[in-house]
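User: Please take a close look at one part of this model, the helix packing and the pocket that goes with it. I would like one connected account.

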Amino acid sequence: MISALADYRGGSPAAFLLLVAALTGFVAVGVRLSIIDARTHRLPNRIILPCYPIAAALLAGAALMAGEPHRVVSMAGGAAVLWVAYLALHLVPSAGLGFGDVKLGGLLGLYLGFVGLPLVMAGAAAGFVLGGLWSLMLVSGRRAGWHASVPFGPFLIGGAAIALAALG
């Protein structure tokens, strides 16, 4: 996303501003959801669901104003891929992925898909790696057992952020 931001800066000012607004929203909502999930193990619908049309409109507007309509298709594909993949994991008994994580996955897929479908998988993988490392640290430090519940939203958001910053 950083390279897209740099590319858009030299092009349409409106596209650049829409992309900046979308990224600002990603950071603000990501921080808020991470804090809430860490405290309550919940990702509230009242925050996640309104973000879908807002993020989609900002990102799609930026893409269309920049003359890159393929990004809109990629965004929709990214959202669908992560939503379905996380739903499948949610349905696995004892997988520990809540339905809030499923809804969050679709939202993160919009952002990751904006850059490209390969980034969708990289962002998801980074989130699982971060969550796994944190869980191993908790278990190895005897601060949690193997079946402890760990809020996963912050790691999904962190993985997407890392992918967007490092690869996007």
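Analyst: In this predicted model, the axes of α2 (13-40) and α3 (45-65) come within 8 Å of each other and cross at roughly 160°. An angle over 145 degrees counts as roughly antiparallel, so α2 is roughly antiparallel to α3. The crossing in which α2 passes α3 is left-handed. On the α2 side, the contact is made by Ala14, Ala15, Leu18, Leu19, Ala21, Ala22, Val29, Arg32, Leu33 and Ile36. On the α3 side, their partners are Ile47, Ile48, Cys51, Leu58, Leu59, Gly61, Ala62 and Met65. Sorted by class, the contact of α2 with α3 has 16 nonpolar residues, one polar and one charged. Gly is classed as polar, so the polar residue here is Gly61 of α3, and Arg is classed as charged, so the charged one is Arg32 of α2.

α3 also packs against helix α4 (residues 70-91), at an angle of about 150° and with the two axes 9 Å apart. This angle makes α3 roughly antiparallel to α4. From α3, the residues in this contact are Tyr52, Ala56, Leu59, Ala60, Ala63 and Leu64, and from α4 they are Arg71, Val72, Met75 and Trp83. By class, the contact of α3 with α4 comprises nine nonpolar residues, no polar ones and one charged residue. Leu59 of α3 takes part in the contact with α2 and also in the contact with α4.

Further along the chain, the axes of α5 (99-115) and helix α6 (residues 117-140) come within 6 Å and cross at roughly 135°. That angle makes α5 oblique to α6. The crossing of these two helices is right-handed. Gly109, Leu112, Gly113 and Val115 of α5 meet Leu119, Val120 and Gly123 of α6. The contact of α5 with α6 has four nonpolar residues, three polar and no charged ones. The polar residues are Gly109, Gly113 and Gly123, because Gly is placed in the polar class.

The pocket brings some of these helices together again. The second largest pocket has a volume of about 160 Å³. Its lining consists of 16 residues, and those nearest the centre of the pocket are Gly25, Phe26, Val29, Cys51 and Tyr111. α2, α3 and α5 each supply at least two residues of the lining, and α2 gives the largest share, with seven residues. By class, the lining has 14 nonpolar residues, two polar and no charged ones. Val29 of α2 and Cys51 of α3 belong to the contact between those two helices, and both are among the residues nearest the centre of the second largest pocket.

Notes:
Residues numbered from 1 in each chain as written. Predicted model: local features only at pLDDT ≥ 70, side-chain atom pairs only at ≥ 80, totals over all residues. Heavy atoms only, no water. 1 Å grid on protein atoms, 1.4 Å probe; cavity = no way out; pocket = protein on both sides within 12 Å on 5 of 7 lines; lining within 4 Å. Points joined across faces, edges and corners; volume = space filled by probe spheres on them. Helix = DSSP H or I, 4+ residues; strand = E, 2+ residues; numbered from the N terminus. Axes fitted to C-alpha atoms, helices over the stretch in contact; angles between N-to-C directions. Parallel < 35°, antiparallel > 145°, perpendicular 65-115°, else oblique. Left-handed = near helix turned anticlockwise from the far one by under 90°. Contact = heavy atoms within 4.5 Å.
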